[in-house]
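Subject: Structure handover

Hello,

Here is the structure I promised to pass on. Please open it next to this email and follow along.

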Amino acid sequence: MSSLKAGDKAPQFSLPDQDGETINLLDFEGQRVLVYFYPKAMTPGCTVQACSLRDSMDELKNANVEVLGISTDLPEKLSRFVEKEMLNFTLLSDVDHQVAEQFGVWGEKQFMGKTYNGIHRISFLINPQGYIEHVFDKFKTSDHHQVVLDYVKRH
């Protein structure tokens, strides 16, 4: 597994959101977009990460950053996750993990002695021109939002 790096052109994609509406990365042209990949909606780590982003949304918006969360969950599950946690950003359903593969975040993982393929928790900040500005791959779910905020405030 080799994820995209800063300076790479972000792959264009269209995915259904939590309401079944198709969202295109091109819809955000001219804006900075945090595309964050997470393994599974409504699991403890993913919930902490999503709620921290929710609580930081004003600061992210002030830095002109939109947020798109991507997992392989179905739109119906994403809708329940958004409702339950009152999330204030868009979640996208990448059921066949095509977009995760394009970004290089789909690969072998291990959990409790089992090896399987899944999404690695990596985030990409895409600049207004559609290039990857920064890759966030070293963080805890509880401080992901702060790592992102610290970066966007400095750049």
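Below is what I found, taken one region at a time. Please keep in mind that this is a predicted model.

**Helix 5**

Start with helix 5, which spans residues 144-154. Which of its residues are buried? They are His144, His145, Val148, Leu149, Tyr151 and Val152. These buried residues cover an arc of only 165 degrees around the axis, so they sit on the same side of helix 5. Now look at the face turned away from that buried side. Lys153 and Arg154 are there, and both are exposed.

What covers the buried residues of helix 5? The cover includes helix 1 (44-55) and helix 2 (57-62). It also includes four strands: strand 3 (32-37), strand 4 (65-71), strand 8 (123-126) and strand 9 (132-136).

**The cores**

Next, the nonpolar cores. The largest one has 25 residues. Inside it, Phe89 and Leu91 have the most contacts. Several elements give two or more residues to this core: strand 3, strand 4, helix 1, helix 2, helix 3 (75-85) and helix 5. Which element gives the most? Helix 5 does, with 4 residues.

There is also a second, separate core of 23 residues. Ala10, Phe28, Leu92 and Phe124 are among them.

Leu91 deserves a look of its own. Set aside its neighbours within four places in sequence. Leu91 is then in contact with Pro16, Asp17, Gln18, Tyr36, Tyr38, Gly69, Leu78, Phe81 and Val82.

**Ser123**

Now find Ser123 in strand 8. Is Ser123 buried or exposed? Its relative accessibility is 0%, so Ser123 counts as buried. Again, leave out the neighbours within four places in sequence. The contacts of Ser123 are Leu34, Val35, Tyr36, Gln49, His134, Val135, Phe136, Phe139 and His144. His144 is also one of the buried residues of helix 5. Try one distance as well: Ser123 and Leu68 are 55 residues apart in sequence, and their C-alpha atoms are 9.7 Å apart in space.

**Salt bridges**

How many salt bridges are there? The count comes to 7. Here are some to look up.

- Arg32 pairs with Glu133, and their closest N and O atoms are 2.5 Å apart. This pair links distant parts of the chain: Arg32 is in strand 3, Glu133 is in strand 9, and 101 residues separate them. Arg32 is buried, with a relative accessible area of 11%. Glu133 has 22% relative accessibility, so Glu133 counts as partly exposed.
- Asp73 pairs with Lys77, at 3.7 Å from N to O. Asp73 is buried, with a relative accessible area of 5%. Lys77 counts as partly exposed, because its relative accessibility is 22%. The cut-off for buried is under 20%.
- Asp55 pairs with Arg54, at 2.8 Å from N to O. Asp55 is exposed, with a relative accessible area of 55%.

**A surface patch**

Last, turn to the surface. Which residues make the nonpolar patch there? Phe111, Met112 and Tyr116 do, and the patch is about 390 Å². Tyr116 lies in strand 7 (residues 114-119). At 36% relative accessibility, Tyr116 counts as partly exposed.

If you have time for one region, take helix 5: its buried residues lie on the same side, and helix 5 gives the most to the largest core.

Best wishes

Technical notes:
Residues are numbered from 1 along each chain as its sequence is written. This is a predicted model: local features need pLDDT of at least 70, side-chain atom pairs count only at pLDDT 80 or more; totals for chains, interfaces and linings use all residues. Side-chain values use heavy atoms; hydrogens and water are left out. Buried means under 20% relative accessible area, exposed over 50%, partly exposed in between (1.4 Å probe, protein chains only). The arc is that of the directions from the helix axis to the C-beta atoms. Contact means heavy atoms within 4.5 Å. Patches are made of residues with over 30% relative accessible area and no salt bridge: like charges are joined within 9 Å, nonpolar side chains (Val, Leu, Ile, Met, Phe, Trp, Tyr) within 5 Å. Accessible areas come from the Shrake-Rupley method with a 1.4 Å probe; for residues, only the protein chains shown count as cover. A salt bridge is a side-chain nitrogen of Lys or Arg within 4 Å of a carboxyl oxygen of Asp or Glu. A nonpolar core is a set of buried Ala, Val, Leu, Ile, Met, Phe, Trp, Tyr and Cys residues joined through side-chain atoms within 4.5 Å.
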